[in-house]
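Work through the exercises below with the structure in view. Each task is followed by a worked solution.

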Amino acid sequence: MATGMLEKLFNLEAHKTTIGTEVLAGFTTFLTMAYIIFVNPAILSAAGMDKGSVFTVTCLITAGATLTSALIANSPIAFAPGMALNTVFAFVVVGVMGFNWQNALGMVFISGIIFTLLAVTKVRTLLIRALPESMNTAIVSGIALFISLIALKTNGIVVVNTNAFIHLGDLANWKCGLFAMGFLFIVFLDSRKVPGAVLIGILTMTIIDVFRTNASFGTIFQMPPSIDPTFMQLKFDQINNSKAYHQVFSFLLIALFDATGTLVGLLHTPAFLSINKSQKKIERSLLADSFATACAPVLGSSSTSPYIESATGIESGGRTGLTSLVVSGLFIISLFFSPIVGLVPSYAVGSALLYIACCIMKEVTKIDTKDITDFAPAVLTMLMIPFSFSIADGIGVGAISYTVLKLVTKQFHALNPMLVIIAVIFLFYFFM
């Protein structure tokens, strides 16, 4: 009976898969992305949020978003709080811009509502198609550089001197050494195709830190921490100025382009095109993500995003929402392992972030270097995102330079009305 129900719900036969294959794929995806259980609380707690509450919310929102995708999109894609989004939330909006985390949650909520409206209209398609492929790739690569900068600076590998220039930090200390060890260990595991390399790396460095500091494990299993410290704590009293609008725009841009790019990359493949449901899965997955993005700040987390690690489950044969259903269930089980989260040191998280950034940077090879009017704006976008400490500013510089170069070289065919409008909006934003 259960087999028949799963067949009816997920249409396994049409996807040329089996229950066993889907379950294995779900476990594989979970292992490769379970690091978010440790990383997201570590990052958001830097913004002043309660780590225990964020842990619980991370598991809940990941399970909920992934389950929603499984049911409405029948997709093997898992969703969780996005790495670029939580980094911008904690280190830019709160750390640099000075907003409190409650108002930062309010910004995420507003961006989520707008994202949902875009997801159900054709405006989303127009915005996605507005930017050229080189720019989309550059945005992803720029975000990777941005995450790298955060990881290196947070762990003292690079520091900022009194003249506001970045230079190499004091590497002759145990923290930098363990950071490097953790990063190299994860890369080594990945090179050997070990499933869950990031998770194994984080747990290994945590165990080393426990022995180094003589910390006590105590109990491993525990009821999930309460979400009261972050639940319904979002505020909007600081969101009444251009700086706040800018950050809302940044959250929206990251969510829109990161989600779409990831989903297209994962689902626009022969395995899914062969059953003529690739586009429908992408559209419904985007809708699921937009709902989750609006719900996440209500519970107490930054925006969700489709996880590229879902590719490991797809490679293992995952084709339907049953894969996502397994992932969702495993994150619910993870709720009872909260004591481990408090033991994870910052350098274990940092080394994982640097590795993730390296993986994302693989996208840079897709940029065409033959046409300098394509390549130069892409490079500007990549550089300006970390150097301006703003993803939106990087996109703005790239959009303006691309538009101007195409105009002066009379390559009008490379432009579209929406791209020109985006460039003009950023011009007014920067200079007016």
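**Exercise 1.** Does Cys176 count as buried or exposed, and at what relative accessibility?

Solution. This is a predicted model, in which local features need pLDDT of at least 70, side-chain atom pairs count only at pLDDT 80 or more, and totals for chains, interfaces and linings use all residues. Residues are numbered from 1 along each chain as its sequence is written, and side-chain values use heavy atoms, with hydrogens and water left out. Take the classes next: buried is under 20% relative accessible area, exposed is over 50%, and partly exposed lies in between (1.4 Å probe, protein chains only). Cys176 has 6% relative accessibility and is therefore buried.

**Exercise 2.** Find how many disulfides the structure has, and explain the result for Cys176 and Cys358.

Solution. A disulfide is counted when a pair of cysteine sulfur atoms lies within 2.5 Å. The search of the whole structure gives zero. For Cys176, the closest cysteine sulfur is in Cys358, 17 Å away, so the two are too far apart for a bond. For Cys358, the closest is in Cys359 at 6.9 Å, again too far for a bond. Cys358 is partly exposed, because its relative accessibility is 39%.

**Exercise 3.** State what share of the protein chain is buried, and compare its radius of gyration with the globule rule.

Solution. Of the 432 residues, 53% are buried. The chain holds 20 helices and four strands (DSSP runs, numbered from the N terminus: H or I of at least four residues, E of at least two). Its radius of gyration is 21 Å, close to the 22 Å of the globule rule, so the chain is as compact as a globular protein of that length. The radius is taken over C-alpha atoms, and the rule is 2.2 Å times the number of residues to the power 0.38.
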